[in-house]
2 protein chains.
Amino acid sequence: MEKHCCHSPLSEESAKELLGHSGLNRTKVKVRILLELSKSSRPLSVQDLHEKMKQSCDVSTIFRTIAQFKEKDLIQEVNLDEGFFRYEMSHQENKNKKSPQHNHHHHHVRCRECGDIQQIEKCDLTAFEKAIAKLGFTEMEHRLEFTGLCSRCA
Amino acid sequence: MEKHCCHSPLSEESAKELLGHSGLNRTKVKVRILLELSKSSRPLSVQDLHEKMKQSCDVSTIFRTIAQFKEKDLIQEVNLDEGFFRYEMSHQENKNKKSPQHNHHHHHVRCRECGDIQQIEKCDLTAFEKAIAKLGFTEMEHRLEFTGLCSRCA
DNA sequence: GTAGCTGCAAAACGTTTGCATGTGA
DNA sequence: TCACATGCAAACGTTTTGCAGCTAC
């Protein structure tokens, strides 16, 4: 269990490279969003991004960009029951595979009081998944999110 | 692992009793919502309820009622990443205690294709919760939701 | 009688879309 | 040049709120 994300902030160059590899144009907005996501230690909402970019682009553009990034598996959507989504850089263990299982799989703990978000690295749910497979389900994905009170708020 | 919910549909009488015990008025709408939730084998959205009640009351009333029921722990909110919430009857193991831990804790599997929802009875995440406690978090709650393809859709 | 419930209308919120203009390759 | 990206405005679906009238107790 580690406190912070394991990826490192992208440089402008590497962000552009990443966009190129994904077949996306290297526009100002796309680069900027990648930089903000890659340097954040926690998943960001569209509002977060809009503020960090000082409203220099429209939220609709952010949503459209996010949609493209999701499709290319550059980022992952995170749902912490806040009424909106957050997004974080994908951490792919094997860059050749695109299925969700091949992303560096992890979850989050969020403090119900102050909203602090920490990352949980380990994910071993094999017993659950086997049991559900017995119900006839395949291609399983799961989401496991914790909330609690962090030490400051307890 | 069981397929269906373990609670039984309420009678009109028992619904009124439940409302009385919770200090809520025994109005037509409140009784009706309790009956619909208690007889459903899966969590219902506000839209679901509105349709089942044949639009005989306003959605805003349903939302307000739902909020009261949640506060009194009569129902639980379920988030299956559909863009809206669902609600189901609480299954309290110990009716004297009100903390989330004392609800009959369970989760769901939802088919990404047809939306079928099944219930998972077991919930053993002690290893996870202990690890997170080490991060300094207390009063933990968690949400574990699976999606996959059910046998019909695979 | 009064606190609480309801319907209606309007608004809030996150998100999506259409369209006209602007930009990257 | 031309597909793609963007800003703006308008719409969407879910949820919340204000207010006036109604109902349970």
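This is a short walk through a predicted model, from the contact between chains A and B to the DNA.

**Stop 1: the two chains together**

Start by selecting chains A and B and showing the surface between them. Each side brings its share: 36 residues from chain B and 36 residues from chain A. Together they bury about 3300 Å², and carbon and sulfur atoms give 61% of that area. Now pick out B:Phe128, B:Phe137 and B:Arg143: this trio supplies 22% of the area that chain B buries against chain A, more than any other three residues.

**Stop 2: polar links across the contact**

Switch to sticks and look for charges. There are two salt bridges between chain B and chain A. To see one of them, select B:Asp81 and A:Arg143, whose side chains meet at 2.2 Å, N to O. Counting polar contacts between chain B and chain A gives nine residue pairs, with both residues at pLDDT 80 or more.

Then colour chain B by element. On the side that touches chain A, strand E4 (107-111), strand E5 (117-120), helix H5 (126-133) and strand E6 (138-149) each supply at least two residues. E6(B) has the largest share there, with twelve residues. If you colour that side of chain B by residue class, you get 18 nonpolar, eight polar and ten charged.

**Stop 3: strand against strand**

Stay with E6(B) and add strand E6 (residues 138-149) of chain A. The two run antiparallel and are joined by nine bridges. For a place to zoom in, try A:His142, whose bridge partner in E6(B) is B:Phe146.

**Stop 4: over to DNA strand C**

Next, select DNA strand C and the 20 residues around it; B:Thr27, B:Val29, B:Asp58, B:Thr61 and B:Arg64 come nearest. Of the DNA strand C atoms that come within 4 Å of the protein, 65% belong to sugar and phosphate.

Which phosphate contacts are worth a click? Three to try:

- B:Thr27: an N or O atom in the side chain is 2.7 Å from a phosphate oxygen of DNA strand C.
- A:Phe85: here a backbone N or O atom lies 3.2 Å from a phosphate oxygen of the strand.
- A:Arg26: again a backbone N or O atom, this one 3.3 Å from a phosphate oxygen of DNA strand C.

Back in cartoon view, highlight helix H4 (59-71) of chain A, plus helix H2 (28-39) and helix H4 (59-71) of chain B: these are the elements giving two or more residues to the surface near DNA strand C. H4(B) gives the largest share, five residues. Finish by colouring that surface by class: ten polar residues, five nonpolar and five charged.

Methods: Residues are numbered from 1 along each chain as its sequence is written. Chains are lettered from A and ligands numbered from 1 in the order in which they are written. This is a predicted model: local features need pLDDT of at least 70, side-chain atom pairs count only at pLDDT 80 or more; totals for chains, interfaces and linings use all residues. Side-chain values use heavy atoms; hydrogens and water are left out. Contact means heavy atoms within 4.5 Å. Buried area is the accessible area (1.4 Å probe) that two parts lose on being put together, summed over both. A salt bridge is a side-chain nitrogen of Lys or Arg within 4 Å of a carboxyl oxygen of Asp or Glu. A polar contact is a pair of N or O atoms within 3.5 Å; within protein, one must be able to donate a hydrogen and the other to accept it, and residues adjacent in sequence count only if both atoms are side-chain atoms. Helices (H or I, at least four residues) and strands (E, at least two) are DSSP runs, numbered from the N terminus. Ala, Val, Leu, Ile, Met, Phe, Trp, Tyr, Cys and Pro count as nonpolar, Asp, Glu, Lys and Arg as charged, and the others, Gly among them, as polar. Two strands pair if DSSP finds at least two bridges between them. A residue is near a molecule or strand if one of its heavy atoms lies within 4 Å of it.
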